[in-house]
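Reader: Could you take me through one helix of this model and the cross-links around it, and then follow the same kinds of links through the rest of the chain? I'd like to see where each partner sits and how well it is covered.

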Amino acid sequence: MLSESNSFLKGVMFGSIFCALLTGLGHVRIGVGNRMHHHEHHHLQAPNKEDILKISKSERMELSKSFRVYCIILVKPKEVVLWAAVKETWTKHCDKAEFFSSEDVKVFESVNMEIDDLWMMMRKACEYAFDKYKDQYNWFFLARPSTFAIIENLKYFLLKKDPSQPFYLGHTMKSGELEYVNLGGGIVLSIESMKRLRNLLRFPEKCPEQGGMIWKISEDKQLAVCLKYAGVFAENAEDSEGKDVFNTKSHVLFIRDAMTNQPKQVAKGYCSDMAVTFGGMSSSQMYVMMYGVYRLRPFGHAFNDVLVFLPPKDSDND
């Protein structure tokens, strides 16, 4: 009798787990069926320098003024060292940058989300950003404090992109049938994709706050699930030679890999000359990158950039 009871309890337990798995998988597949199932991401490329040279100088100046990027950095108090590095380096080049934290931190100004879960922080930050700034910015850049971004290269990449179209971009990856943009390399959303996401967040059954699963999936995958439901798809960002411009690893790892596998390629360029981001950075690496990108200029070499993005008014950027 005891053996039969044990068998019955095991059967109930495994049956419950199996049902829960099916429920979880069902939520993961939101928006994957029918018309969305056959989508293949595009390889969006930066414009060629020759195309920009065809634009008159006055038009280029107008373009440099019209491109405005709002930066959303999702931080937690334990990341205070990275937080400080990001605040003192590349975020000065955003047209506006705000830090969204899980709680108040006395030494830094931030928007307190009052929640520790990163997906919930991302949702609330997007709601806040769209509701407050939808009439001021066409592009929204999401990043973690371990990401270093070169905003001028981002603006150059976006030069021929239409923010009224529903797409978001960065370094795309696949998880089963789901294509998503990896948060480690930063995520860029057009104003139209932000609008659709904001509308969708009002319906938890379409964009679950916790995903409705027995295990947690990463916040960038949850974002992709919700955006696909709204008809917004992940697009991979590349330069005109097909090299990725959003990188999920640091420049140090790129150089190390190149030195091991193709040492002669290090000087020629171990990654894109138009790189927008590097992920997995330490605070000290960010300061080194800041020096290399914005300070170091070899005498005798003339830099003739065809397009200059002016710094935000009253900023103290480099």
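Author: Happy to. A helix here is a DSSP run of H or I with at least four residues, and helices are numbered from the N terminus. Please keep in mind that this is a predicted model.

Let's start in helix α8, which spans residues 219-229 and contains Q222. Is Q222 buried or exposed? Its relative accessible area is 5%, and since buried means under 20%, Q222 counts as buried. The side chain of Q222 has a polar partner: it reaches the backbone oxygen of I217 at 3.0 Å.

The same helix holds one end of a disulfide. C226 in helix α8 is joined to C207, with the two sulfurs 2.1 Å apart. What handedness does the bond between C207 and C226 have? The torsion about this S-S bond is about 95°, so the disulfide is right-handed. C207 belongs to the loop between α7 and α8, while C226 is in helix α8, so the bond links distant parts of the chain, 19 residues apart. Both ends are covered: C207 is buried at a relative accessible area of 0%, and C226 is buried at 1%. A further cysteine, C126, is in no disulfide, and the nearest cysteine sulfur, that of C207, is 9.7 Å away. C126 is buried as well, with 3% relative accessibility, and C271 is also buried, at 11%.

How many disulfides are there? The count comes to 2, and the other one joins C71 to C94 with an S to S distance of 2.0 Å. About the S-S bond of C71 and C94 the torsion is about -95°, so this disulfide is left-handed. C71 sits in strand β2 and C94 in the loop between α4 and β3, so this bond ties together parts that are 23 residues apart in sequence. C71 and C94 are both buried. Counting bonded cysteines along the chain, the disulfide pattern reads 1-2, 3-4.

Now for the charged links. The model has 6 salt bridges. One of them pairs K76 with D116, whose closest N and O atoms are 3.7 Å apart. K76 comes from the loop between β2 (69-75) and α4 (80-88), D116 from the loop between β4 (111-112) and α5 (118-133), and the two are 40 residues apart. With a relative accessible area of 16%, K76 is buried.

Another salt bridge joins D95 and K155, with the closest N and O atoms at 3.0 Å. This pair also links distant parts of the chain: D95 is in the loop between α4 and β3 (96-101), and K155 is in helix α6 (residues 151-157), 60 residues away. D95 and K155 are both buried.

A local example is found in helix α7. R196 and E192 meet there in a salt bridge with an N to O distance of 2.9 Å. They are 4 residues apart in helix α7 (residues 191-200), which means about one helical turn separates them. Their exposure differs in class: R196 is partly exposed, with a relative accessible area of 30%, whereas E192 is buried at 18%. Salt bridges also form a network that connects E127, D131 and R198.

Two more places complete the tour. Strands β8 (residues 172-175) and β9 (residues 178-181) pair in the antiparallel sense over 4 bridges. Which residue of β9 is the bridge partner of K174? That partner is E179. The two strands make a hairpin with 2 residues between them, and G176 in the turn has a positive phi of about 65°.

Lastly, S250 lies in the loop between β11 (233-238) and α9 (251-261). Its relative accessible area of 4% puts S250 among the buried residues. Leaving aside residues up to four places away in sequence, S250 touches F278, G279, G280, M281 and Q285.

Key: Residues numbered from 1 in each chain as written. Predicted model: local features only at pLDDT ≥ 70, side-chain atom pairs only at ≥ 80, totals over all residues. Heavy atoms only, no water. Buried < 20%, exposed > 50% of the residue type's maximum accessible area, 1.4 Å probe, protein only. Polar contact = N/O pair within 3.5 Å; in protein donor to acceptor, adjacent residues only side chain to side chain. Salt bridge = Lys/Arg side-chain N within 4 Å of Asp/Glu carboxyl O. Contact = heavy atoms within 4.5 Å. Pairing = 2+ DSSP bridges. Disulfide = S-S within 2.5 Å.
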